[in-house]
Each structure stands twice: as structure tokens, then as C-alpha cells.
Amino acid sequence: MTVDAKVVKILRQKTGAGVMDCKEALTIADGDMDSAVEVLRKKGIAKAEKKLGRKADQGSVVAYIHPGNRVGVLLEINCETDFVAKTDNFNRFAKNIAMQVAAANPLTVSREQLDTIIVAKERNIYMEQAKALGKPEKVLNKIVEGKIEKFYQEMCLLEQPFIKDNDKTVKDILSETVASLGENITISRFTRYEVGEGFVSNGEG
């Protein structure tokens, strides 16, 4: 069945689960919202999202050097306990996220961290491009907002397609890891270095 994007959005808002998980749950539930929530709960995903608000002040700083030694990443990932910080699953997740930063070159962890001046500049550029193509006035804003969403997906780590599974976002992988480990996990900050290009450093997530 075809799943309505608006219904997916509502389910995400209710559970905090990722896009692909919501689509799958709605497909299994034949479009029924309550049944889809139950599907997510049984998978542990909706429950995992409730953990995301809990304090996470343990964790580790991960260093990753991309093959070729031209790109390096320092990444801080936090969890609730020192015990989880030492597990293979946590450290595997941390390394995967560091690899993501090295390969996909995000600007920030989340869209909320993006400089509003940068977003406004991009919005103006997209508006001028749409006008130059002669698009009708009534659809200009819709076109621009669509391009801004794509910009977020390219520049914000949590919204990027995961490099090892493009059907999922980094946030989806984060939610799955939270469900697996049973603790809140946060991607706090990263610094990406590239030979000849200085470094990109973001604030806390």
C-alpha cells in the first residue's frame, strides 16, 4: 500500500520514530494509526524515543581517520552510564557516526543548530532560482520549502541518509541504538578536519 506522507509525519510526532520505521509500521497496520503505534512499541522503537529526554552525561570522544589520511573526525557521543559507554554496540555506533561525518561532511548535528543567516541566504537563493524559471507565484513558497528541506537533509547530521543504509537516516540509526542499549544516547558535537581545508566544528547537540 502507498503510505501518505502526512500520516507518516503524524506518527513520527506521536512516537519520535524514524521515517522508514513509521512507513513500515503503517504498512503492517494497513494505515491504522493506533495499530501502527503498537507495532512500533512492540519493536521497542517508540519506547526508545521516550528515553531520548533523559540525562546523558557519560560517553566517549571518538577519533577517526578516513583512509588516505586526508580527513579526520573528533566526535563526542554521550550516554547515561559508563557501563554502556564501554560496550561494543555503543563504540560501533560511535565509529559509524564518525565515519558518517567524514564521508558526508555535515555542518551541524541538527537543523536547530544551523545559523539562521545561512538558512535565510539559502532560502533567498532558491526563491530567485524559482522566479528565474518562471514558476507561478502561488507555488514559489512550496518549491522553496522543498529545497530547504533537502538542504537540511544534506547539511544536518541527524537528517542525512546513513552511509551504510541509505533507506535510513542517522536519526533512525540513533533510535535503533537507543532501543538496543536501553539508554538515552546523544550525538553532542564533532569537528571534521580535511587537509588543505581547515576544519568544521559544530556546537553541542
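**Entry 1: the α7 and α8 pair**

Before looking at any helix pair, I wrote down the rule for naming angles: under 35 degrees counts as roughly parallel, over 145 as roughly antiparallel, 65 to 115 as roughly perpendicular, and the rest as oblique. I also noted that the model I have open is a predicted one.

I then looked up α7 and α8, whose axes come within 9 Å and cross at roughly 135°. That angle falls in none of the named ranges, so α7 and α8 are oblique to each other. For the handedness, I noted that α7 passes α8 in a right-handed crossing.

**Entry 2: a salt bridge between those helices**

Next I wanted to know which side chains meet in a salt bridge with an N to O distance of 3.0 Å. I found Arg-123 and Glu-145. Arg-123 sits in helix α7 and Glu-145 in helix α8, with their positions 22 residues apart in the chain, and the pair links distant parts of it.

I checked the exposure of both partners. Arg-123 has a relative accessible area of 28%, so I put it down as partly exposed. Glu-145 also goes down as partly exposed, at 37% relative accessibility.

**Entry 3: Glu-149 and its partners**

I stayed with helix α8 and moved on to Glu-149, which forms a salt bridge with Arg-111; their closest N and O atoms are 2.9 Å apart. Where do Glu-149 and Arg-111 lie? I placed Glu-149 in helix α8 (residues 137-155) and Arg-111 in the loop between α6 (88-104) and α7 (116-132), so this pair ties together parts that are 38 residues apart in sequence.

Glu-149 is partly exposed, at 32% relative accessibility. Arg-111 is partly exposed as well, with a relative accessible area of 26%.

I followed the contacts one step further and found a network of salt bridges that links Arg-111, Glu-149 and Glu-159.

**Entry 4: strand β2 and strand β5**

I searched the whole structure for salt bridges and got seven. One that I wanted to see in detail joins the side chains of Glu-76 and Arg-189, at 2.6 Å from N to O. Glu-76 is in strand β2 and Arg-189 in strand β5 (residues 186-194), so I have a link between distant parts of the chain, 113 residues apart.

Are Glu-76 and Arg-189 buried or exposed, or in between? Glu-76 has 19% relative accessibility, and because buried means under 20%, I count it as buried. Arg-189, with a relative accessible area of 40%, is partly exposed.

While I was in strand β2 (residues 71-79), I also picked out Leu-74. Leu-74 is partly exposed, with a relative accessible area of 39%. I found that it joins Val-61 and Tyr-193 in a nonpolar patch on the surface. Together the three have about 280 Å² of accessible area.

**Entry 5: α2, α3 and the loop between them**

I went back towards the start of the chain for another helix pair. The axes of helix α2 (residues 19-28) and helix α3 (residues 33-43) come within 8 Å and cross at roughly 120°. By the angle rule I wrote down at the top, α2 and α3 are therefore oblique to each other. Their crossing is right-handed.

In the loop between α2 and α3 I stopped at Asp-30. Asp-30 has a positive phi of about 55°, although it is not a glycine. I made a note to myself that most residues other than glycine have a negative phi. Asp-30 is exposed, with a relative accessible area of 62%.

**Entry 6: another positive phi**

I asked which residue in the loop between α6 and α7 has a positive phi of about 50°. The residue is Asn-105, which is not a glycine either. With a relative accessible area of 32%, Asn-105 is partly exposed.

**Entry 7: Gly-18**

My last stop was Gly-18, in the loop between α1 (5-15) and α2. At 1% relative accessibility, Gly-18 counts as buried. I also looked up how Gly-18 sits relative to Lys-168: the two are 150 residues apart along the chain, and their C-alpha atoms are separated by 7.8 Å.

Conventions:
Residues are numbered from 1 along each chain as its sequence is written. This is a predicted model: local features need pLDDT of at least 70, side-chain atom pairs count only at pLDDT 80 or more; totals for chains, interfaces and linings use all residues. Side-chain values use heavy atoms; hydrogens and water are left out. Patches are made of residues with over 30% relative accessible area and no salt bridge: like charges are joined within 9 Å, nonpolar side chains (Val, Leu, Ile, Met, Phe, Trp, Tyr) within 5 Å. Accessible areas come from the Shrake-Rupley method with a 1.4 Å probe; for residues, only the protein chains shown count as cover. A salt bridge is a side-chain nitrogen of Lys or Arg within 4 Å of a carboxyl oxygen of Asp or Glu. Helices (H or I, at least four residues) and strands (E, at least two) are DSSP runs, numbered from the N terminus. Buried means under 20% relative accessible area, exposed over 50%, partly exposed in between (1.4 Å probe, protein chains only). Axes are lines fitted to C-alpha atoms, for helices over the stretch in contact, and angles run from 0 to 180 degrees between N-to-C directions. A crossing is left-handed if the near helix is turned anticlockwise from the far one by less than a right angle, and right-handed if clockwise.
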